[in-house]
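Biologist: Please show me the structure, and let us ask how each description of it is justified.

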Amino acid sequence: MFARNTARALTAPSARLFSSSSARQTKVTVLGAGGGIGQPLSLLLKLDPLVSNLSLYDIRGAPGVAADVSHVDTHSEVNGYAMENLDDALEGTKVVVIPAGVPRKPGMTRDDLFNTNASIVRDLAAAVGRVAPTAHILVISNPVNSTVPIVAATLEKAGVFDPARLFGVTTLDVVRASRFLASVSGTTPSECDVPVVGGHSGPTIVPLLSQVSKGKGLQGESYDKLIHRIQFGGDEVVKAKDGAGSATLSMAYAGAKFTNSLLRGLNGEKGVITPTFVKSPLFADKGIDFFSSPVELGVNGVEKIHPIGHLSAEEEKLLEACLPELKKNIEKGKAFVA
Ligand code: NAD
Ligand code: LMR
């Protein structure tokens, strides 16, 4: 009786989070699986029917997380790897999700994490390039605007960079935009699918409310407040956690959601489109070669990078504020590897 109830309780949320139109399954590796994001992300990936093997790695605690998650009654196999076994964790993996690195404390910017996280991400990317050079890499570690260029430059150095297989996970901005717009417009998040473009930090986060029916009427103070809340939603969580870290549970949800979108695309599902921070031609003429915009995911990863579409006058201003900051963040990442 208890087992049946438990199974039912797990089925409902996982059915909402994951969609699987295909039977093909895939090995997914989480680097940083013992952390605040890594643990709930590993649990959610264990619920994804498109994951056949879940490989959990961390410099601390991954075997314990793996033993725990492996008891969940879904079909995937789970293995945990300690610090010295990174290569084994990566062997044969198709998708690598990276939430390894330190989170913010109150008063810090994401860029303040650069000194610690840049080398963590670079070293993990080098290992992926060596052991699983055709894997798709999903970068969660901050500052995303810099860590994604770091991964690209590291793989480039190793001669294995394919821009179709590298993604900065900006899904949490999309999730927040949807949730917050639903609150102010008195509707449900499913009616508020807001494209969020640019990057992942403060003014580089550009929500395009004018492209959503529930958002286009907003103006004045309510518009400004909503934009600010989406751009600085991360700060809200950092402040509330009061020194104990940043968003972990909502990020795990967002990370699992993006991973499922990618797996559906890799499995041949058509029309899977979501914003993600990729190597992009959209603003390359301004010297900005990574940008988040709606991307169609397919069997090779990035299938098509969609343009950002028509912007309102307010959104033009937001974009103007985004671009120079984003450029600086990207150049900092590249310079670190060079
Ligand atoms: P955390 O400190 O709770 O966990 C990080 C984990 O990384 C730890 O378990 C640590 O042992 C591990 N780690 C450190 N170095 C490692 C290495 N070389 N190899 C493997 N594992 C390593 O932090 P968290 O709250 O899980 O956040 C992780 C990162 O994600 C932070 O940089 C944070 O800013 C970022 N983040 C990004 C988003 C986003 O939207 N992209 C959202 C939230 C947090
Ligand atoms: C977020 O948006 O919640 C993350 O980038 C973590 C942070 O530092 O705010």
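The dialogue below takes up the two ligands, two helix pairs and an annotated domain.

Biologist: What kind of model is this?

Modeller: The model is a predicted one.

Biologist: What makes Pro-103 and Arg-104 part of the surroundings of ligand 2?

Modeller: A residue is near a molecule if its C-beta atom, placed from the backbone, lies within 6 Å of it. Pro-103 and Arg-104 are listed around ligand 2 together with Arg-110, Asn-142, Leu-172, Gly-234, Val-237, Val-238, Ser-246 and Ala-247, so they meet that cut-off.

Biologist: Which helix gives the largest share of the shell around ligand 2?

Modeller: Helix α9, residues 233-241, does so with 3 residues.

Biologist: Why is Gly-234 counted as polar in the shell around ligand 2?

Modeller: Gly is placed among the polar residues, whereas Asp, Glu, Lys and Arg count as charged. Gly-234 belongs to the shell, and it therefore counts as polar. The shell of ligand 2 as a whole has 5 nonpolar, 3 polar and 2 charged residues.

Biologist: Which residues come nearest to ligand 1?

Modeller: There are 32 residues around ligand 1, and Gly-35, Gly-36, Ile-37, Ala-100 and Asn-142 come nearest. By class, the shell holds 16 nonpolar, 13 polar and 3 charged residues. Helix α5, residues 114-131, contributes the most to this shell, with 3 residues.

Biologist: How do you know that α5 and α6 are in contact?

Modeller: Two residues are in contact if their C-beta atoms, placed from the backbone, lie within 7 Å. Residues of α5, including Phe-114, Val-121 and Gly-129, meet residues of α6, among them Ser-146, Ile-150 and Leu-155, so the two helices satisfy the criterion. By class, this contact has 8 nonpolar, 5 polar and 1 charged residues. The axes come within 9 Å and cross at roughly 35 degrees.

Biologist: Why is the crossing of α2 and α10 called right-handed?

Modeller: The term applies if the near helix is turned clockwise from the far one by less than a right angle. Helix α2 (residues 38-46) and helix α10 (residues 249-266) pack at about 40 degrees, with their axes 8 Å apart. The crossing is assigned as right-handed, so the turn is clockwise. Pro-40, Leu-41, Leu-44 and Leu-45 are the residues of α2 that meet α10. The contact has 8 nonpolar, 2 polar and no charged residues.

Biologist: Where does the domain name for residues 170-337 come from?

Modeller: An unreviewed UniProt entry annotates these residues as "domain: Lactate/malate dehydrogenase C-terminal". Over residues 170-337 the chain is 47% helix and 17% strand, and the end C-alpha atoms are 23 Å apart.

Note on methods
Residues numbered from 1 in each chain as written. Chains lettered and ligands numbered in written order. Predicted model: local features only at pLDDT ≥ 70, side-chain atom pairs only at ≥ 80, totals over all residues. UniProt positions renumbered as here; feature names shortened; annotations may be inferred. Helix = DSSP H or I, 4+ residues; strand = E, 2+ residues; numbered from the N terminus. Axes fitted to C-alpha atoms, helices over the stretch in contact; angles between N-to-C directions.
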